[in-house]
Amino acid sequence: MPDPNAQPAPFVLDRSFAAPPPLVWRTWTEPALLARWYRPNPMCQTTVLEHGLHTGGLMVVQMRFGEMPPSYERWLFQDIEAPRRLQWKQSMTDAAGNPVGNPRMPDWPRVMLTTIELQAQASGTLQRLTWQPHEATPAEIACFAGAAAHLDRGWVGGFDNLGALLGALVDG
Amino acid sequence: MLRPPPPPATQLDAVFAALADPTRRAILARLVEGDASVGELAAPFAMSQPAVSKHLKVLERAGLVARGVDGARRPTRLRPEALAAATTWLDAYRALWDARFAQLDALLHDLAHEPGPETDDA
């Protein structure tokens, strides 16, 4: 069930894959397949330590890179509609499961409500990833996420179009 | 050119909270056109100057604007570098997902060519 306090559009990332939705679904929901892609780069090793694919179920993922201490993620599944929609709350945690900040991205919110939606298309699958920070003030941060979506779409890597960018924020 | 270090978590939260309000976003849009006094900012909203000042305090705490000390006028100036910091955070997060999906793409190609039950797309 979506958080009732989180209203406006979250951040969105669309991507197409040349594979049918049921196969893409399996890469998200089968631990052996997830471990083969869910990592920042191929030098990292991902291991699924726990996996309960049901509402309220938990997945724990460990990621190792060289000699560095491993990092962990927890997913708490909220909504599962095979093979179309998967929603979960996601956190970086320590080995004991306590949420921690990401040392590489210190401003990363501790918990993200994350959703993937898979849609069949002629060339395979259109996947939509949406996320919104799920914090103590979800309404404030979700409101910004709507503005942030405009920020991201309008940003051209410089301050040249700041006026048009902020105009989009006013209209949005 | 070296990028500035990322702002502390609390500062970025202040930016998010500041931008969550449509009136404050409109104030920022007006400041893109140039510095403005409190009276000039209040006029389009039919809002009292104290009400606008409250919004300006939120924007100032977030580092999004700077306010002059020039007597009663206290012109307000936009600080676009603060907005840049917020978008840098978003860009980094999206880049992380892009990197993961590049590997997902490669895995899906491998699965299409691997022998055995994993290639069944039942």
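Q: Which residue is the bridge partner of A:S91 in β6(A)?

A: A good place to start! In this predicted model, two strands count as paired if at least two bridges are found between them. Here A:S91 has A:V111 in β6(A) as its bridge partner. That bridge belongs to a wider pairing: β5(A) and strand β6, residues 111–121 of chain A, are joined in the antiparallel sense over 7 bridges.

Q: How many bridges join β4(A) to β5(A), and do these strands run parallel or antiparallel?

A: The two strands run antiparallel and are joined by 9 bridges. To follow the pairing by eye, look at A:W75, which stands opposite A:Q90 in β5(A). Together β4(A) and β5(A) make a hairpin, with 3 residues between them.

Q: What is the peptide bond from A:A82 to A:P83, cis or trans?

A: The general idea is that most peptide bonds are trans. The bond from A:A82 to A:P83, however, is cis, and its omega is near -10°. You will find A:P83 in the loop between β4 and β5 of chain A.

Q: How many residues of strand β5 of chain A are buried?

A: A residue is called buried when its relative accessible area is under 20%. Strand β5, residues 85–93 of chain A, is mostly covered, with 8 of its 9 residues buried. Helix α1 of chain A, residues 21–29, is mostly covered too: 8 of its 9 residues are buried. Among the buried residues of α1(A) are A:W25 and A:W28, along with A:L23 and A:V24.

Q: Which residues make the nonpolar surface patch of about 340 Å²?

A: A:M43, A:F65 and A:M68 make this patch. Take A:F65 as an example: its place is the loop between β3 (58–64) and β4 (71–81) of chain A. Because its relative accessibility is 38%, A:F65 counts as partly exposed.

Q: Where is A:Q45 found, and what is it in contact with beyond its neighbours within four places in sequence?

A: A:Q45 sits in strand β2, residues 45–51 of chain A. Leaving those sequence neighbours aside, A:Q45 is in contact with A:Q62, A:M63 and A:R64. A:M63 is 18 residues from A:Q45 along the chain, yet their C-alpha atoms are separated by 5.6 Å. A:Q45 counts as partly exposed because its relative accessibility is 43%.

Q: What is the sign of phi in B:A46, positive or negative?

A: As a rule, most residues other than glycine have a negative phi. B:A46 has a positive value, near 50°, and is not a glycine. Look for B:A46 in the loop between α3 (38–42) and α4 of chain B. Its relative accessibility is 78%, so B:A46 counts as exposed.

Q: In what order do the elements of chain B run?

A: Starting at the N terminus, the order is α-α-α-α-β-β-α. That makes 5 helices and 2 strands. Chain B has 122 residues, of which 43% count as buried. The chain exposes about 6300 Å², and carbon and sulfur atoms supply 57% of that area.

Q: What is the mean pLDDT of chain B, and which of its elements have the lowest and highest mean values?

A: A pLDDT value is the predictor's confidence in a residue. Chain B has a mean pLDDT of 80, and 79% of its residues reach 70 or more. Among the elements of this chain, helix α1 (residues 9–19) has the lowest mean, 72, while helix α4 (residues 49–61) has the highest, 93. For the model, the scores are ipTM 0.71 and pTM 0.62.

Terms used:
Residues numbered from 1 in each chain as written. Chains lettered and ligands numbered in written order. Predicted model: local features only at pLDDT ≥ 70, side-chain atom pairs only at ≥ 80, totals over all residues. Heavy atoms only, no water. Patch = residues over 30% accessible without salt bridge, like charges linked within 9 Å, V, L, I, M, F, W, Y side chains within 5 Å. Areas by Shrake-Rupley, 256 points an atom, 1.4 Å probe, with all protein chains shown as cover. Salt bridge = Lys/Arg side-chain N within 4 Å of Asp/Glu carboxyl O. Helix = DSSP H or I, 4+ residues; strand = E, 2+ residues; numbered from the N terminus. Buried < 20%, exposed > 50% of the residue type's maximum accessible area, 1.4 Å probe, protein only. pLDDT = per-residue confidence, 0-100. Contact = heavy atoms within 4.5 Å.
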